[in-house]
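Biologist: Could you walk me through this model, and justify each label as you go?

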Amino acid sequence: FKKNTENSYQYTVSNSSWTGMTQQTTISVKKGKVIQREFKQSHPQSSLKENNISWIENEQEINTHKNAAEAITLDEVYKKAKKIWLAKKDGAKIYFETKNNGIISTCGYVEPNCADDCFKGIRITKIKPLN
């Protein structure tokens, strides 16, 4: 994929909460460098402005906003997977899936005795070549 796209692609990280709030962060990478991060958050049961937001960061602003997935390349995703998300943790349940044509789709863990929104890791719902 990296070779076929000349290391230029876009991927979307999705999160949801038991409260109904959903978040999507789309990260654009061109020739191995993050060039844009777009974030959308919605809560269908809330009309509060702070629960329904969206923004776009350009190359000079990357990672300046909060609450979104970190703007990293897929190479960095794999490094975090190896060093953090898949590392053995006492009692934690590990998750790993490759539903994006063999590329990571879910990678992370849930610590024992956690009740709500416990997943720590990444859920990539879409990957495509950068236009």
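**Labels and their cut-offs**

Modeller: Sure, starting with Cys114: Cys114 is partly exposed, at 40% relative accessible area. First, some ground rules: this is a predicted model, where local features need pLDDT of at least 70 and side-chain atom pairs count only at pLDDT 80 or more, while totals for chains, interfaces and linings use all residues. Numbering runs from 1 along each chain as its sequence is written, and side-chain values use heavy atoms, with hydrogens and water left out.

Biologist: Why is Cys114 called partly exposed?

Modeller: Buried means under 20% relative accessible area, exposed means over 50%, and partly exposed is in between (1.4 Å probe, protein chains only). Cys114 has 40%, so it's partly exposed.

Biologist: And what makes Cys118 count as buried?

Modeller: Its relative accessibility is 12%. That's under 20%, so Cys118 is buried.

Biologist: How do you know that Cys114 and Cys118 form a disulfide?

Modeller: A disulfide is a pair of cysteine sulfur atoms within 2.5 Å. The sulfurs of Cys114 and Cys118 are 1.7 Å apart, so the pair qualifies. A search of the whole structure finds one disulfide.

Biologist: Why is the disulfide of Cys114 and Cys118 called left-handed?

Modeller: The torsion about its S-S bond is about -90°, so left-handed it is.

Biologist: What about Cys107, and why is Cys107 in no disulfide?

Modeller: The nearest cysteine sulfur, that of Cys118, is 17 Å away, and the limit is 2.5 Å, so Cys107 is in no disulfide. Cys107 is buried too, with a relative accessible area of 0%.

Biologist: Cys118 turns up in a pocket lining as well. What makes a pocket?

Modeller: On a 1 Å grid over the protein atoms alone, a pocket is an open set of points where a 1.4 Å probe fits, with protein on both sides within 12 Å along at least five of seven lines; lining residues have an atom within 4 Å of a point. The largest pocket has a volume of about 270 Å³, and its lining includes Asn15, Met21, Cys118 and Arg123.

Biologist: Which strand gives the most to that lining?

Modeller: β7, with three residues. Strands here are DSSP runs of E, at least two residues, numbered from the N terminus. β1 (9–16), β2 (22–30) and β7 (120–129) each supply at least two lining residues.

Biologist: Last one: why is Phe96 partly exposed?

Modeller: Phe96 sits at 45% relative accessibility, between the two cut-offs, so partly exposed fits. Phe96 lies in strand β5 (residues 93–97).

Terms used:
Helices (H or I, at least four residues) and strands (E, at least two) are DSSP runs, numbered from the N terminus. Grid points are joined across faces, edges and corners, and a volume is the space filled by probe spheres set on the points.
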